[in-house]
Amino acid sequence: MATAPGWQHTGLMAGNSRETHSVTITSDAQAVRPRDHIIWSICNLVHINPCCLGLVALYYSVKARDMTIAGDLRTAEKYGGRALCFNIAALVLLCVIIIIIIAISATVAAEAQTVYYGDYRDSRNRYG
């Protein structure tokens, strides 16, 4: 009885009868695929894309997918890691930009309110 891939063990059991036991070891090499983060890269390209980081992330995601199809899993993992780094950088940069916009908007709104209404404390003391 031949089993592939794996190994076969033959040994003596009680009563001097020879029995054959086979153990098959399988590998999950095809089940483990490097992540290419292509969906996240497409979202960064379409929705966020500060400083074209979404485009660069999409480039590395496509390269990772190509290397996975070609069978070069080590290079695919490297490209997938680069795509992940560019996606994270785009997300962090977007968060910083949003925080800056909110801070500037709040400052401008407060200044406009002060200019439009004047200083309420001064007007209350003058007419008081």
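A residue counts as buried when its relative accessible area is under 20%. Keep that cut-off in mind as we walk through this structure, which is a predicted model.

**The overall picture**

The protein has four helices and two strands. Starting at the N terminus, you meet them in the order β-β-α-α-α-α. There are 128 residues in the protein, and 18% of them count as buried. The accessible surface comes to about 9900 Å², with 62% of that belonging to carbon and sulfur atoms. What about contacts along the chain? Among contacts with a separation of 6 or more, 46% are between residues 24 or more positions apart.

**Helix 3, inside and out**

Helix 3 covers residues 73–117. Does its length add up? At 1.5 Å a residue, its 45 residues should span 66 Å, and the end C-alpha atoms are 65 Å apart, so the two agree. Just after helix 3 comes Gly118, which has a positive phi, near 75°.

Which residues of helix 3 are buried? They are Thr75, Ala76, Tyr79, Gly80, Ala83, Asn87 and Ala90. Their cover includes helix 1 (38–48) and helix 2 (53–70).

Take Asn87, which sits in helix 3. Asn87 counts as buried because its relative accessibility is 0%. If you leave out residues up to four places away in sequence, Asn87 touches His37, Trp40, Ser41, Asn44 and Ala57.

Now for the outside. Ile88, Val92, Val96, Ile100, Ile104 and Val108 make a nonpolar surface patch of about 510 Å². One of these patch residues is Ile100, which is found in helix 3. With 45% relative accessibility, Ile100 counts as partly exposed.

Here are some residues side by side:

| Residue | Relative accessibility | Counts as |
|---|---|---|
| Asn87 | 0% | buried |
| Cys43 | 37% | partly exposed |
| Cys52 | 44% | partly exposed |
| Ile100 | 45% | partly exposed |

**What about the cysteines?**

How many disulfides are there? The count comes to zero. Why is Cys52 not bonded to Cys51? A disulfide needs a pair of cysteine sulfur atoms within 2.5 Å. The cysteine sulfur closest to that of Cys52 is in Cys51, 7.6 Å away, so the gap is too far for a bond. As for how open these side chains are, Cys52 counts as partly exposed at 44% relative accessibility, and Cys43 counts as partly exposed at 37%.

Key. Residues numbered from 1 in each chain as written. Predicted model: local features only at pLDDT ≥ 70, side-chain atom pairs only at ≥ 80, totals over all residues. Heavy atoms only, no water. Buried < 20%, exposed > 50% of the residue type's maximum accessible area, 1.4 Å probe, protein only. Contact = heavy atoms within 4.5 Å. Areas by Shrake-Rupley, 256 points an atom, 1.4 Å probe, with all protein chains shown as cover. Patch = residues over 30% accessible without salt bridge, like charges linked within 9 Å, V, L, I, M, F, W, Y side chains within 5 Å. Salt bridge = Lys/Arg side-chain N within 4 Å of Asp/Glu carboxyl O. Expected span 1.5 Å × (residues − 1).
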